[in-house]
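User: I would like to learn how to read a structure one feature at a time. Could you take me through this one slowly?

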Amino acid sequence: MPGKLTRDRHEGLMTRMAETLGADLDAAELRGALPPEMREDMLQACTGCSDPTACGHWLATHDRAEAAPGYCRNGDLLARLAAE
């Protein structure tokens with residue numbers, strides 16, 4: 001299980017990625033499109049990323065994007081949530 005610092009770092013990256021793609025995770029939870037346990041699964045997937053530094057660099061160069069980079073473990077789900 002990842003430590004708090006790792007979880008916090010990846011939670012920040014995941015939230016920024018969602019915002020960059022136009023997905024509001026809190027709103028998705030409220031409308032029932034993102035059950036809390038799924039959000040936790042997303043965070044677990046994110047903490048398994050082998051290169052969070054690349055993610056941070058990608059996010060630093062993109063204010064908005066249609067799709068996450070190919071290595072994003074949550075890219076497809078985030079795109080779906082953004083489209084809803």
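**Reading a cysteine and its chain**

Analyst: Let us begin with one residue, Cys46, which has its place in helix H3, the element covering residues 36–47. Please keep in mind that this is a predicted model.

User: How many helices and how many strands are there in the protein chain?

Analyst: The protein chain has 5 helices and 0 strands, and, read from the N terminus on, its elements follow the order α-α-α-α-α. The radius of gyration of the protein chain is 12 Å, close to the 12 Å that the globule rule gives for 84 residues, so the chain is as compact as a globular protein of that length. Taken along the principal axes, the box filled by the C-alpha atoms is roughly 30 × 30 × 15 Å.

User: What share of the contacts in the protein chain with a separation of 6 or more comes from residues 24 or more positions apart?

Analyst: Residues 24 or more positions apart make up 80% of those contacts. Cys46 gives a case to look at, since, when residues up to four places away in sequence are not counted, Cys46 touches His10, Met14 and Asn74. With Leu25, on the other hand, the C-alpha atoms are 14 Å apart, and the two residues are separated by 21 residues along the chain.

User: Is Cys46 buried or exposed?

Analyst: A residue counts as buried when its relative accessible area is under 20%. Cys46 has a relative accessibility of 12%, and therefore counts as buried. Cys55, with a relative accessible area of 10%, is buried too. In the protein chain as a whole, buried residues make up 36% of the 84 residues, while the accessible surface comes to about 5,100 Å², with 52% of that belonging to carbon and sulfur atoms.

User: Why is there no bond between the sulfur of Cys46 and that of Cys55?

Analyst: A disulfide is a covalent bond between the sulfur atoms of two cysteines. To count as a disulfide, the two sulfur atoms must lie within 2.5 Å. The closest cysteine sulfur to that of Cys46 is in Cys55, and because the distance is 6.2 Å, it is too far for a bond. Cys55 is likewise in no disulfide, its nearest cysteine sulfur being that of Cys46, and the structure as a whole holds 0 disulfides.

User: How far apart are the mean positions of the positive and negative charges?

Analyst: In the protein chain there are 9 positive and 14 negative charges, and their mean positions are 3 Å apart.

Key: Residues numbered from 1 in each chain as written. Predicted model: local features only at pLDDT ≥ 70, side-chain atom pairs only at ≥ 80, totals over all residues. Heavy atoms only, no water. Helix = DSSP H or I, 4+ residues; strand = E, 2+ residues; numbered from the N terminus. Rg over C-alpha atoms; globule rule 2.2 N^0.38 Å. Buried < 20%, exposed > 50% of the residue type's maximum accessible area, 1.4 Å probe, protein only. Contact = heavy atoms within 4.5 Å. Areas by Shrake-Rupley, 256 points an atom, 1.4 Å probe, with all protein chains shown as cover. Lys, Arg positive; Asp, Glu negative; His and termini not counted. Charge placed at Lys NZ, Arg CZ, Asp CG, Glu CD.
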